[in-house]
There are 2 protein chains.
Amino acid sequence: MILVDGVVHEGRIARFDYGDRGLTLGDGLFETMTVIAGAVYRLADHLDRMAAGLTILGFAVERERLEADVAAMAAWAPADGGVLRLTVTRGPGARGLAPPDDPTPTVVVSLAPLESGLMMQPVRLAVSSIRRNDRSPLSRLKSLGYLDNVLALAEARARGAGDALMLNTSERVACASAANVFRIAGDRLETPPIVDGVLPGIVRTRVLALAPDAGLVPVERSLTERDLEEADAVFLTNSVRLLRPVTEIDGATLPHDGRGLVAALFDRMAADVASETGRDPRGGRPAA
Amino acid sequence: MILVDGVVHEGRIARFDYGDRGLTLGDGLFETMTVIAGAVYRLADHLDRMAAGLTILGFAVERERLEADVAAMAAWAPADGGVLRLTVTRGPGARGLAPPDDPTPTVVVSLAPLESGLMMQPVRLAVSSIRRNDRSPLSRLKSLGYLDNVLALAEARARGAGDALMLNTSERVACASAANVFRIAGDRLETPPIVDGVLPGIVRTRVLALAPDAGLVPVERSLTERDLEEADAVFLTNSVRLLRPVTEIDGATLPHDGRGLVAALFDRMAADVASETGRDPRGGRPAA
């Protein structure tokens, strides 16, 4: 099931303008959101991020339209969880890079099942040969151009790891293929600043906000690979898997003295989701 | 008119699988080719580059299929010139970055008019704040993710220039938004090497090959912004405009002692196109 410009279609096939710049140039953005019991977790944050990104791209879509489209698809999600993807492109254009003066954006919403078993699943990382381009605004946006990350993930899998660790052009830690990176060191919870080529993740922001409840001091600072190797714990965050502990980087086992703190943060994240949606994301259990 | 998986459609609207990874992740490549009098200039070079790029992406499309699709659309091009765009995506996939084990690629061919008046049109450049990511294989591929270049072009236009000069992460010259960069210095014709984050342009390769005919020694070496400012002439190349002289960078007028050599190179390029297609690209004049 897919929603294209406000119209629901069975399956994923529908009419399309093949001059759409989303396809021809990657000229658009997307958001991936978890919906539980019909409620989209942190919807306002996702729409805020989308609006800020579209401003950088130089066009806008009415928020009411995005809210209505997301709500229409969220109503079809199973109660125990779904993943909504909202895609906005600049719409059709003529040949070449220059955008139309008055674009007619395309809005697509798709729905997939939420696999709650993926949450907190441990993962081994391999450092990618592909660097994250912190010298481009796209490193801070969820743009349609995800091929660097696709190739980094494939490279990591070919090396027996579960995901890639992407460094930026200054060899600082940026992210995994579709997740933010955190470390715990003593009582500090550290993650790279946005300027290092980091997507301002919705769960990233929530984890930083919830850190004090777990006795941790949230800090944004540049991290090296060595900082991760010497941490008490390393974990990833994203909107679908929430938290995942990292067990290895390039075959070297990471310390796990802080693993209990990662579990405590995950409990708080799950409670945060439950408080907003009325249901625990870990198994569809209704919230107490 | 558009050709999708071998079927011609009037206009640009046709059925589409909205799970196509070309739209959702920019997971695909394209080629832009000039067709004159029904013949595609350097078709084999374009298909070779596409095949090499698809190998890096990890999938393939039969060359006969691409040749047939391009030929079907080339037959519709006006005799005095058209621009064919061949787009290949990895095809539909499930949610997430991991590609299907056995992809079914999507092949799209579109046709636009060739505006021969754009050839040799002088252009002023503005140095972009966005760096070309030479630390990614995509900097050497014509991938669907062109949003960096779209934003760089918009930034340049906002500053009163006609195109962007993109440097790489080491501050070396990489390219314009959709063109390779050359300089003439004495009897040397210089352009950055592919490793600097440069697309191996089809016309770039031809210009290097034709340089000796114009009394120039072709050299691939890294260039700085200063190298361009101190050149006898600077020009851009791509498959649609062939050559364009650069007159300014960030408001500073460039020397033009080598402008005659640029014109001589353009004459040789035009003759090269005419020898392959049977017609001069500058105005649809049949070749002598």
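**View 1. A strand from each chain, side by side.** In this predicted model, Ala14(A) has Phe16(B), a residue of β3(B), as its bridge partner. That pair belongs to a wider match: β3 of chain A, covering residues 13-17, runs antiparallel to β3(B), and five bridges link the two strands.

**View 2. A salt bridge between the chains.** Here you can find Arg12(B) and Asp17(A), which form a salt bridge. The closest N and O atoms of Arg12(B) and Asp17(A) lie 3.0 Å apart. Across the interface of chain B and chain A, four salt bridges are found. Polar contacts also cross between the chains, with 26 residue pairs found at pLDDT 80 or more for both residues.

**View 3. The side of chain B that touches chain A.** Several elements of chain B supply at least two residues each to this side, among them the strands β1 (2-4), β4 (28-36) and β6 (82-89), and the helices α1 (21-25) and α2 (43-57). Which element gives the most? It is α4(B), with seven residues. As for character, the residues on this side of chain B comprise 29 nonpolar, 16 polar and 14 charged ones.

**View 4. The whole contact between chain A and chain B.** Stepping back, you can see that 59 residues of chain A and 59 residues of chain B take part in the contact. About 4,700 Å² of area is buried between the two chains. Carbon and sulfur atoms give 64% of that buried area.

Definitions and conventions
Residues numbered from 1 in each chain as written. Chains lettered and ligands numbered in written order. Predicted model: local features only at pLDDT ≥ 70, side-chain atom pairs only at ≥ 80, totals over all residues. Heavy atoms only, no water. Contact = heavy atoms within 4.5 Å. Buried area = accessible area lost by both parts, 1.4 Å probe. Salt bridge = Lys/Arg side-chain N within 4 Å of Asp/Glu carboxyl O. Polar contact = N/O pair within 3.5 Å; in protein donor to acceptor, adjacent residues only side chain to side chain. Helix = DSSP H or I, 4+ residues; strand = E, 2+ residues; numbered from the N terminus. Nonpolar A, V, L, I, M, F, W, Y, C, P; charged D, E, K, R; others polar. Pairing = 2+ DSSP bridges.
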